[in-house]
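Dear colleague,

Please find the structure below, handed over for your own inspection. My findings follow it.

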Amino acid sequence: MMRSSIFALALVLSAPGFAQGAPAGDVPPKDMKAAPKDDDKDVIKANVEEDEHPVRRSISLRGKTLAYTVTPGHLTVRNEKGEPVVSMFYTAYTVPSAGRARPITFLFNGGPGSSTMWLHMGSFGPMKVDAAVPDTIAGPPFRYGANPDTLLDISDLVFIDAPTTGLSRLLGKAETKDVFGVDKDLDIFTRTIQRYLTKYQRWNSPKFIIGESYGTTRAAGLSRSLLNVGVQLNGIAFVSTVFNFADFQGDQSLINFLPTYAADAWYHNKIPGKPPLASFIQQARDFASGPYALALQKGNNLTDAERQSVAQQMSQLTGLSADYLVRSDLRVDPGRFRRELLRDRRQIIGRIDSRYLGTEPDAVGESAGYDPQSSAITGAFVGALNDYLLRDLGYQTPLTYRPNNYAETQGGNWSFQHRGPDGPQPIADTSADLADAMRQNPRMKILSVNGLYDLATPFGGADYEFKHMQLEPQLQANIRYHYYEAGHMMYTDPPSARQLKADLAAFYASAM
């Protein structure tokens, strides 16, 4: 049985909440502590009236000037009775279009319970936080500036904060139980996108979605819920994918994580001779789905000789000793791997991005106590976002921007039940929604984007889920796969960001 340090398993088991604003990335950290109910001093309510604050800006992009309008604001989402439910905060970037309608892309992060600060200030917008080096960002003033890999030259962009995160707040009689859950969240985002299309007259624009982490769970569900209300998507880009939370439990999870272990061991020079990375990862994939999967499937029927043989092969791929692997019954969860890989150097590796390093009080603990990547960049993103939004853009609000709201979305408050195309699911698997939407809309294109050094949502898990959607070959051909030598947030790594922009440009061209 996998330990609770695994991201998705912690979500499925509804781990305790994490304090608002505490260091955390796009996915909730392990060992989250619930915040006392009276800790939240941000008690000011959002206004039911919609607002927008357009500001004209421009950046230099590849020797030319890209002029655009940035509009932070709120959309009021109402239920079937017309009652206001949520004030959804968004930041939109638009460029005047001459002739053919410009594409529009809706973007959001995951959690559940994360704001979209990470994608907004780190990925495809015209402004970007400098997090180029996998190390702790220097203290304020934090650096952010023109993004050389912005997607704004190809598509208008709308970054949306989930309910109770960022500046999105509940309205009227709405309570968290009305929005905390896979299906309730899908309903809110469906209505938000519909409202934006109506308010800004974008119904005839080519439409795309980019979701990250739990945002991919949401994006897959939206492919079907939007289709059901007549919003036809041209394409979806899934960044660091998780569709089926059941895949993060048991032996299949271990199989999915092993290629990432191999990539991490390679990066940290734990593989003698350091062969070419691509061929080494393929070797790890073949071993994981072959001898390793068979060994785990045998359970107690595995002989001592077979166990030793598999441990030796696994050791050569993961950098862990064969003795440790045998004593672990060939089952090492990500938390233990993060602590064990560099134990001889008295270092731990990051969860969101394994290139980041940290230390612990001792060298005998079983798992890592924090995520060095999250600690390294969170302060810069929070500081830069607030400075950019409140000072540079001059957006005025009495609300406090919440980087996350894990204190409320975790701890059993989020329902992972889902009504899929084939009926109720006790634990959400929105790959079924995506497959259904692809069958109904066979022109929709899909891009799978994953980092090789991601120990939160491993690329092996994304591949497994995409390959088990029971699609006909002509629909499978609509899916493109790209991998980057970075972590969960590969867009913060400059070489990966450049390649990702090129891959996205080709993807958009194929979908229109």
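The model is a predicted one, and I begin with a pair of helices. Helix H4 (residues 214-228) packs with H12 at an angle of about 45°, and the two axes are 7 Å apart. At that angle H4 is oblique to H12, because the value falls in neither the parallel, the perpendicular nor the antiparallel range. The crossing of H4 and H12 is left-handed. From H4, the residues Ala220, Gly221, Ser223, Arg224 and Leu227 take part, and they meet Asp433, Leu434, Asp436, Ala437 and Gln440 of H12. By class, this contact of H4 with H12 divides into four nonpolar, three polar and three charged residues.

One residue of that contact deserves a separate look. Leucine 434 belongs to helix H12, which covers residues 431-440. Is leucine 434 buried or exposed? Its relative accessibility is 0%, so leucine 434 counts as buried. Setting aside the neighbours within four places in sequence, leucine 434 is in contact with Ala220, Ser223, Ile236, Phe238, Phe243, Met444, Ile446, Phe466 and Met469. Leucine 434 also offers an example of positions far apart in sequence: 217 residues separate it from threonine 217, yet the C-alpha to C-alpha distance is 9.6 Å.

A second such pair involves glutamate 472 and arginine 439, which are 33 residues apart in sequence and 8.8 Å apart in space, C-alpha to C-alpha. Glutamate 472 is placed in the loop between helix H13 (459-466) and helix H14 (473-476). With 48% relative accessibility, glutamate 472 counts as partly exposed.

I turn next to helix H5, for which two packing partners may be described. The axes of H5 (residues 250-267) and helix H6 (residues 277-298) come within 9 Å and cross at roughly 150°. H5 is therefore roughly antiparallel to H6, and their crossing is right-handed. On the H5 side the contact comprises Asp251, Leu254, Ile255, Leu258, Pro259, Ala262, Ala263 and Trp266; on the H6 side it comprises Leu277, Phe280, Ile281, Ala284, Arg285, Phe287, Ala288, Ser289, Tyr292, Ala293 and Leu296. Which classes make up the contact of H5 with H6? There are 16 nonpolar residues, one polar and two charged.

The other partner is helix H7 (residues 304-318), whose axis comes within 7 Å of that of H5, with a crossing of roughly 50°. This makes H5 oblique to H7. Here Leu258, Tyr261, Ala262 and Ala265 of H5 meet Met314, Leu317 and Thr318 of H7. The contact of H5 with H7 holds six nonpolar residues, one polar and no charged. Leu258 and Ala262 appear in the contact of H5 with H6 and again in the contact of H5 with H7.

The loop between H5 and H6 contains lysine 274. Phi of lysine 274 is near 40°, a positive value in a residue other than glycine. Lysine 274 is partly exposed, at a relative accessible area of 32%.

Helix H3 (residues 182-199) allows a simple check of geometry. At 1.5 Å a residue, its 18 residues should span 26 Å, and the end C-alpha atoms are 26 Å apart, so the two agree. Buried residues in H3 are Val182, Asp185, Leu186, Ile188, Phe189, Thr190, Arg191, Thr192, Ile193, Tyr196 and Leu197. After H3 comes glutamine 201, with a positive phi near 55°.

Some further backbone features merit your attention. Most residues other than glycine have a negative phi, and most peptide bonds are trans. Leucine 330 has a positive phi, near 65°, and is found in the loop between helix H8 (322-327) and helix H9 (334-340). What is the relative accessible area of leucine 330? The value is 1%, and leucine 330 is therefore buried.

Cis peptide bonds should also be noted. The bond from glycine 111 to proline 112 is cis, with omega near -5°; proline 112 is in the loop between strand S5 (104-108) and helix H2 (117-122). The bond from proline 140 to proline 141 is likewise cis, with omega near 5°. Proline 141 sits in the loop between strand S6 (127-129) and strand S7 (144-146).

Yours sincerely

Methods. Residues are numbered from 1 along each chain as its sequence is written. This is a predicted model: local features need pLDDT of at least 70, side-chain atom pairs count only at pLDDT 80 or more; totals for chains, interfaces and linings use all residues. Side-chain values use heavy atoms; hydrogens and water are left out. Axes are lines fitted to C-alpha atoms, for helices over the stretch in contact, and angles run from 0 to 180 degrees between N-to-C directions. Helices (H or I, at least four residues) and strands (E, at least two) are DSSP runs, numbered from the N terminus. Angles under 35 degrees count as roughly parallel, over 145 as roughly antiparallel, 65 to 115 as roughly perpendicular and the rest as oblique. A crossing is left-handed if the near helix is turned anticlockwise from the far one by less than a right angle, and right-handed if clockwise. Contact means heavy atoms within 4.5 Å. Ala, Val, Leu, Ile, Met, Phe, Trp, Tyr, Cys and Pro count as nonpolar, Asp, Glu, Lys and Arg as charged, and the others, Gly among them, as polar. Buried means under 20% relative accessible area, exposed over 50%, partly exposed in between (1.4 Å probe, protein chains only). The expected span of a helix is 1.5 Å times one less than its number of residues.
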